[in-house]
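My notebook is open again, and today I'm looking up how strands and helices sit against each other. Here is the model I worked from.

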Amino acid sequence: MILGIDLGTTYTVTAGIDGDGRPVALPNSLGETTTPSVVHFEAADQVLVGSTARNASAVDPDNTVTLIKRRMGSEFDLFFHGVRHTPESISALILRAVVGEASGVRAVVTVPAYFGIREREATFQAATLAGIEVLELLSEPVAAALHYRTSVPDSAGATLVYDLGGGTFDTTVLREGIRGVEVVAVDGDSHLGGADWDARIASHLLESFTRAVPDVDPYEDEVFLSEVTVLAEKVKRELSRVSSRTVALRCGGASAAVEVARETVEAMGADLVDRTLEITRRVLRSARDRGVLRVGAVVLVGGASRMPGIAKALHAELGVEPRLVEPDFAVAYGAAIRAHQLASPGELRLAGGRMASMADQPTRSVVSRSFGVLVDDSHDPSGEGRLVVHTVHQNEPLPATATTRFATIVDEQDRVRVQVYEQAGDVPSSEPAHNRRVLDGELSGLPPLPAGSHVEVTLSVSADGLLSVTAREPASGATLALESYVDGVVDGGAHAELATSLAGLRVSQ
Ligand code: AMP
C-alpha cells in the first residue's frame, strides 16, 4: 500500500493513485473521504476516531481530543483511563484509523512548511507508532503545488499557496525551474484557522440565544455548548454556499431561531482575514529578496479557504484571481503522487498521459525557522542576560551552513556549553523565551587561554532539514559535534512505552 496522507489539524485524508493514473481519496470504514482528526477514549481499551469521536465529544468532552496537531513537538501529556498519551500517540491513533488494518503501508506524510524539526520528528514518530513506513515528510504547500502543477500544467511563473486549514495558516511561495520545484519562502501562523471562525460564530449564536431567551443561561449547559460548537462549524460551511442561514437553538426547555448572514460572518472574521494578508505580505517580501518579483498563480488549499471572502480579499490584495483546486484533497493528492514517485521512480503515469515529471525531481526548500546559539549578553550590566544569536535564518535556501565566532568569558575557561535554539514564534526574536532549545552539548578540554578567545560554531541544515552542529577551538583543534538529539521529542524508552499502550487499544470509527 503506497499512500499520501494529509494529517490535518481538523481532518485527515489518505489518497492513492487509481488504475487510470488519477489521484483518489480513499474512503474510511464509514465511506467518508475526510476523517475528522478527533480521538475519543471510550474505555480503557476502546478508542473512537473520526466522526463518531466528534459526535461523542458532545456528550463526553473530557475524554475527547481535538486539534492535537497544534501540540506536535511539544511536551503535552494527556491521561485517559489512567494511561499516558502524547501528541505523537494521539496522532498515531488517527493514522491507524485511516490506514485501517492494512500492513506494509508506505506513505508520504505531509507537514506544514513552517513546522520546525521538533514537530517533524514528532510527526515521524506518530507514523512509526502507527506502523507506517514514512517514505518522506513532505511540506503541505509543496504537495498542493505538485497536484496543482500536474492538473494545470501550463501555469507559468511563481506560485503562492495560501493554505487556511482548520487550525493552521500556512503560506508559501514556490517557483519551478529546470532543477525542480523550489520553495522560495514560507511563513504562517500555527494558531489561526477555520476553528477561529467557528468560535466567533458560536459566540454569536450564544449571544443571540441569550438575547432571545434571557431567562435561560446557555453557558451552564455543557452539552448545549458543545452542540453549538459543532453547529457553528456547519453554519460556516453552509455560508460558503448560501448567503444566509437560520439556526434553531434549543436549551433549557426554550428555543430560538437565529439568522446568520454571510456578511455578518465576514465582518466577524475581517480581522482574521487581515492577519492572513499580513503574513502573505511578509512571505512575498521574503520572496522578493530572493528574486521573485511577482506571482503568476495563487492556489487556495485548506478547507477554510472555501469561504468566499478569502478569494475576494486575496484578489483585491494581489490582483490575481485565486484558484481553488480541490482544497480538501490537494495536499493528500500531491502526497500520493510523490509517494508513487518515491516507491517506483520514473514509472508513474498520470491520467491524460501527463508524466509527473515535476514530482520526479527533488524539491529544494528553505529553512523554515531560524537557528542560533545562546550567548551571554555582554551589554547587560547585571551579567545575567542571555540572548539567542541566530546564524541560520528563516527562508535561507537549503542546504544552509554558517560558521560564527563566539568568545570565551573568563581566563583559562576550559569548557564552553553550546546550546542551539530554534525560533519558536512566527517571527525570529533573540529573546530566549521566543526560542526553543533543540541541541545541547559541551565543548571541553580547552587549553588555558585568555578571556575573549574564539570558539567557532558551525550550524548546518541539510537539504531535508536535518540540523547538525560543530563547535571548534582553533588553537587546540578541540571539537564538539552535537548529536542530532532533539529535546522534547519522545526518546527510545518512551516510544516503546507508548507503542505498548497503543497495542492494547482497539480503534474503530
Ligand atoms: P483542513 O484543515 O484543510 O482540513 O480544513 C478544515 C477546515 O476547513 C475546518 O475549519 C472546516 O470547517 C473548514 N471548511 C471545510 N469546508 C468548508 C466550507 N465549505 N466553507 C468554509 N469552511 C470550510
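I started with an open sheet of four strands, ordered β21-β24-β25-β26 with antiparallel pairing. (Strands are DSSP runs of E, at least two residues, and helices are runs of H or I, at least four, numbered from the N terminus; two strands pair if DSSP finds at least two bridges between them.) Its edge strands are β21 (400–407) and β26 (479–482), each pairing on one side only. On average, neighbouring strands here are turned by 15 degrees against each other, direction ignored.

Then I checked β25 (residues 467–472), which is joined to β26 by four bridges. Thr 470 has Ala 481 in β26 as its bridge partner.

A note to self: this is a predicted model, where local features need pLDDT of at least 70 and side-chain atom pairs count only at pLDDT 80 or more, while totals for chains, interfaces and linings use all residues. Residues are numbered from 1 along each chain as its sequence is written, and side-chain values use heavy atoms, leaving out hydrogens and water.

Next I looked up β10 (residues 106–111) and β11 (residues 133–139), which pair in the parallel sense over six bridges. I found Thr 110 opposite Leu 138 in β11.

Last came helices α5 (residues 194–212) and α6 (residues 222–238), which pack at about 120 degrees with axes 8 Å apart. (Axes are lines fitted to C-alpha atoms, for helices over the stretch in contact, and angles run from 0 to 180 degrees between N-to-C directions.) Among the residues that meet, I noted Trp 197 in α5 and Phe 224 in α6 (contact means heavy atoms within 4.5 Å).
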